[in-house]
Amino acid sequence: MTWRDTTWLERARRVRLLVLDVDGVMTDGRLHLTEDGEEHKIFHSRDGHGIKLIQELGVDVAIITGRASPAVSRRAKGLGIQHVVLGATDKGQAIEELAQLVSLELDQIAAMGDDVLDLPMLNRVGLSATVSDAPMVIRSRVDWISPVPGGYGAVRAFIDTLIDARDQWGDVLARYR
């Protein structure tokens, strides 16, 4: 299914919340651990800018991740992401609880994940996406696949596609004239 599919466009226009996984989506999925056990994550600045753009257009952003990491909390705070679920073992339940919390229907939510832990979340939302380097079992079950791998601007690519589908580039570009 491509983004030019009418059904896809209608679903993209309904999105009011974008939910992101972290490892493998916002990062490249590798875990950097120091000898002291401290974890380091590398985030792409274009993903962060894309998150700010979509927020300015009225789409909220949330994080649901299976790991608990201070780096994720710091990144979310810096991006103004208020809803962050760390250590989620059941992402399907987590997204349903989040939908209730923010008073949205699941079909008003888009989600991006990259592995089987994300399927319960991806299967429930109105629009699902993954990264180009996700396993085939995930790529075959989502609505949209990023042209780039996780951690290298995949989130921004999805956000750009949502902005395009919602015909909001004029609103974005007006700020940069």
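Select D164 to begin: at 33% relative accessibility, this residue counts as partly exposed. The model on display is a predicted one, and D164 is found in helix 7. Now add A12 to the selection. D164 and A12 are 152 residues apart in sequence, yet their C-alpha atoms are 9.4 Å apart in space.

**The end of helix 7 and the loop after it**

Move along the chain from D164 to D167, which is found in the loop between helix 7 and helix 8. Display the backbone here: D167 has a positive phi of about 55 degrees although it is not a glycine. D167 is exposed, with a relative accessible area of 67%.

Select Q168 next, in the loop between helix 7 and helix 8. Is Q168 buried or exposed? Q168 is buried, because its relative accessible area is 13% and the limit for a buried residue is under 20%. Show the side chains of Q168 and R166, which are joined by a polar contact of 3.0 Å. Leaving aside residues up to four places away in sequence, Q168 touches L57 and I163.

**The whole protein**

Zoom out to the full chain. The secondary structure comes to 8 helices and 8 strands. Taken along the principal axes, the C-alpha atoms fill a box of roughly 50 × 40 × 30 Å. A compact globule of 177 residues would have a radius of gyration near 16 Å, and the protein, with 15 Å, agrees with this.

Colour the chain by burial: buried residues make up 50% of the 177 residues. Then switch on the surface. The accessible surface comes to about 8,700 Å², and 48% of it belongs to carbon and sulfur atoms. For the contacts with a separation of 6 or more, residues 24 or more positions apart account for 56%.

**The sheet**

Hide the surface and show the strands. An open sheet of 6 strands has the order 5-4-1-6-7-8, with parallel pairing. Which are the edge strands? They are strand 5 and strand 8 (144-145), each of which pairs on one side only. Strands of a sheet pair through backbone hydrogen bonds, either parallel or antiparallel.

Select strand 1, residues 17-20. Its pairing with strand 4 (residues 60-64) is parallel and runs over 4 bridges; here the bridge partner of L20 is I63. Strand 1 also pairs with strand 6 (residues 109-112), in the parallel sense and over 4 bridges. In that pairing, L18 stands opposite A110.

Turn on the side chains of strand 1. In a regular strand the side chains alternate between the two faces of the sheet. In strand 1, L17 and V19 point one way while L18 and L20 point the other way, and all are buried.

Step from strand 6 to strand 7 (residues 127-130), with which it pairs in the parallel sense over 3 bridges. Select A111 and S128 together: A111 stands opposite S128 in strand 7.

**The strand 5 edge**

Go to strand 5 (residues 83-85), where H83 is found. Although strand 5 is an edge strand, H83 is buried, with a relative accessible area of 19%. Apart from residues up to four places away in sequence, H83 touches D60, A62, I63, L98, L101 and V102.

From V102, move on to S103, which lies in the loop between helix 4 (91-101) and strand 6. S103 is exposed, with a relative accessible area of 64%. Its backbone deserves a look: S103 has a positive phi of about 60 degrees although it is not a glycine.

**The nonpolar core**

For the last stop, select V19, I51, M112 and F158. These are the residues with the most contacts inside the largest nonpolar core, which has 54 residues. Helix 7 (residues 154-165) gives the most to this core, with 8 residues.

Centre the view on V19 and display its surroundings. Which residues does V19 touch, not counting residues up to four places away in sequence? The list is A62, I64, I95, L98, I109, A110, A111, M112 and M121. Among these, A110 is the residue that stands opposite L18, and L98 is also touched by H83. The tour closes here, with helix 7, where D164 is found, as the element that gives the most to the core.

Methods. Residues are numbered from 1 along each chain as its sequence is written. This is a predicted model: local features need pLDDT of at least 70, side-chain atom pairs count only at pLDDT 80 or more; totals for chains, interfaces and linings use all residues. Side-chain values use heavy atoms; hydrogens and water are left out. Buried means under 20% relative accessible area, exposed over 50%, partly exposed in between (1.4 Å probe, protein chains only). Helices (H or I, at least four residues) and strands (E, at least two) are DSSP runs, numbered from the N terminus. Two strands pair if DSSP finds at least two bridges between them. Contact means heavy atoms within 4.5 Å. A nonpolar core is a set of buried Ala, Val, Leu, Ile, Met, Phe, Trp, Tyr and Cys residues joined through side-chain atoms within 4.5 Å. The radius of gyration is taken over C-alpha atoms; the globule rule is 2.2 Å times the number of residues to the power 0.38. Accessible areas come from the Shrake-Rupley method with a 1.4 Å probe; for residues, only the protein chains shown count as cover. A polar contact is a pair of N or O atoms within 3.5 Å; within protein, one must be able to donate a hydrogen and the other to accept it, and residues adjacent in sequence count only if both atoms are side-chain atoms.
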